[in-house]
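Student: I have a model open and would like to understand the labels on it. Could we go through them together?

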Amino acid sequence: MTTHRIRKTLTGVLASAALTTTALVGVSGAAQADVTASMYGCPSGAVCIYPDDDWNGGDPSHVFWSYGDHRIYNQYGEHRIYNNQTGNAWASLSRTSDGDTPINYVAPGSFTDTNLTPINAVSLYDVG
């Protein structure tokens, strides 16, 4: 094999490897973007509370990630609660700190403006 042919073959192999690497990085970047997508500053997979009854410039005051009951303290007046969880995961608001008596439900992808003065817990759960 001549030096020219070896150089040409090597160039082709390196170009192919570069394209494969670029494609893999592109796929990885797209998957990463999906996972970290947010709406109104609320990350995908989370439930967010905003300090009043608007989006607060996309800056929530509370972000909850895990299923279960989450106690909230010193929250008075109207607040926006946004459920940006995925799948069929709902959120509920309860007067009790253990989430046993829900008074308001928030469907996935929706929000509610609620007076949080009597609310003591936000619960996240999957209804399957």
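Tutor: Gladly! Keep in mind that this is a predicted model. Let's start in a pair of strands, where L93 stands opposite N104 in β8.

Student: What makes β7 and β8 a pair?

Tutor: Two strands pair if there are at least two bridges between them. β7 and β8 (residues 102–106) have four bridges, in the antiparallel sense, so they meet the definition of a pair. β7 also runs antiparallel to β10, with six bridges joining them, and there W90 stands opposite Y125.

Student: Why is β7 called largely enclosed?

Tutor: Buried means under 20% relative accessible area. Five of the six residues of β7 are buried, so the rest of the structure largely encloses this strand.

Student: Which strands each supply at least two residues of the largest nonpolar core?

Tutor: The core itself has 12 residues, including V47, L93 and I81. β3 (46–49), β7 (89–94) and β10 (121–126) each supply at least two of them. Another core, of six residues, lies apart from it, with Y50 and W55 among its members.

Student: How do you know that C42 and C48 form a disulfide?

Tutor: The cut-off is a pair of cysteine sulfur atoms within 2.5 Å. For C42 and C48 the S to S distance is 2.1 Å, so the pair qualifies as a disulfide. The structure holds one disulfide, and both of its cysteines, C42 and C48, are buried.

Student: Why is the disulfide called right-handed?

Tutor: Because the torsion about the S-S bond of C42 and C48 is about 90°.

Conventions: Residues numbered from 1 in each chain as written. Predicted model: local features only at pLDDT ≥ 70, side-chain atom pairs only at ≥ 80, totals over all residues. Heavy atoms only, no water. Core = buried A, V, L, I, M, F, W, Y, C linked by side-chain atoms within 4.5 Å. Buried < 20%, exposed > 50% of the residue type's maximum accessible area, 1.4 Å probe, protein only.
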